[in-house]
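Colleague: Before I use this model, I should like a close look at one part of it, namely the strands and what surrounds them. Please set out how they are placed and paired, residue by residue where that helps.

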Amino acid sequence: MRVPSVCRLVLPAVVSILAFSFVLGLSQQVTAATLTVCATGCAYSDFQQALNASQPGDTILLRAGETFIGNFVLPAKSGSNTSPILIRSDAPDSAVPSAGIRLVPPGYAGANVALNRLARLKGRGGAYRTTPVLKTAAGAHNYRLQFLDIDGVLNRTNFAPPAT
């Protein structure tokens, strides 16, 4: 069987275009980013802005020992990437319990981490005192939280100091 001369001329060009497209597609793969959040000197000073900017596979590092005040929403992310977005304290791994070890804060038997190694999320209070400190938007999924102290709002009118 004889291949027409047009096919002999066009076929190599088509194969070259397909190969170039394949290589171009590989070079445009997205890599995970690390977004840092702290009061000053980081890429973000607002935790919610970092949440909104994050993409699946990213890591959001919150400054250890700092308190982030607000009522935060974990937004839904579009796309087919199902890698989790990791939100954690920026404390070094050597300063927090290793994988598989339950974190026990100070004040409890078996405490294994100092509070200054955790980032603290705290609610706004006032009119927001019944709003969760952290919640998910409809359809949000694949978030992973590590080494955070998530606290409600202190209602000073009903607060009684612990008995001594």
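Modeller: Helices (H or I, at least four residues) and strands (E, at least two) are DSSP runs, numbered from the N terminus. The model is predicted, so local features need pLDDT of at least 70 and side-chain atom pairs pLDDT 80 or more, while totals for chains, interfaces and linings use all residues. Residues are numbered from 1 along each chain as its sequence is written, and side-chain values use heavy atoms, without hydrogens or water.

The chain as a whole sets the frame. It holds two helices and nine strands, and along the sequence these follow the pattern α-β-α-β-β-β-β-β-β-β-β. Of its 164 residues, 27% count as buried (under 20% relative accessible area; exposed is over 50%, partly exposed in between, with a 1.4 Å probe and protein chains only). Contacts (heavy atoms within 4.5 Å) show how far the chain reaches back on itself: among those between residues at least 6 apart in sequence, 71% join residues at least 24 apart.

I begin with the sheet of four strands, where two strands pair if DSSP finds at least two bridges between them. This sheet is open, is ordered S1-S2-S5-S8 and has parallel pairing. Strand S1, residues 34-37, and strand S8 are its edges, each of them pairing on one side only. Within the sheet, strand S2 (residues 59-62) and strand S5 (residues 85-89) run parallel and are joined by four bridges. One residue-level example is Leu-62, whose bridge partner in S5 is Ser-89.

The other sheet to consider has three strands. It too is open with parallel pairing, and its order is S3-S6-S9. Here the edge strands are S3 and S9, each pairing on one side only. Strand S3 covers residues 67-69 and strand S6 residues 119-122; the two run parallel, with three bridges between them. S6 is also joined to S9, again in parallel, by four bridges.

The register of this sheet can be followed through Leu-121. On the S3 side, Phe-68 stands opposite Leu-121 in S6. On the S9 side, the bridge partner of Leu-121 is Ile-150. The row through Leu-121 can therefore be traced from Phe-68 to Ile-150, with the sheet order S3-S6-S9 and strand runs as assigned by DSSP. A further pair is found between S6 and S9, where Lys-122 stands opposite Asp-151 in S9. In a regular strand the side chains alternate between the two faces of the sheet.

The loops on either side of S8 deserve attention for their backbone angles. Asn-142 belongs to the loop between strand S7 (134-136) and strand S8 (143-146). Although it is not a glycine, Asn-142 has a positive phi of about 65°. Its relative accessibility is 31%, so Asn-142 counts as partly exposed. Phe-147 lies in the loop between S8 and strand S9 (148-151). Phe-147 likewise is not a glycine and has a positive phi, here of about 60°. Phe-147 has a relative accessible area of 15% and is therefore buried.

Strand S4, residues 72-74, contains Val-73. With a relative accessible area of 27%, Val-73 is partly exposed. Once its neighbours within four places in sequence are set aside, the contacts of Val-73 are Gln-48, Leu-51, Lys-135, Thr-136 and Ala-137. The C-alpha atoms of Val-73 and Gln-48 are separated by 7.2 Å, although their positions lie 25 residues apart along the chain as a sequence separation.

The surroundings of the strands also include helix H2, residues 47-53, in which Asn-52 is found. Asn-52 has 44% relative accessibility and so counts as partly exposed. Residues up to four places away in sequence not being counted, Asn-52 touches Pro-75 and Lys-77. From the C-alpha atom of Asn-52 to that of Ala-76 the separation is 9.0 Å, the two residues being 24 apart along the chain.
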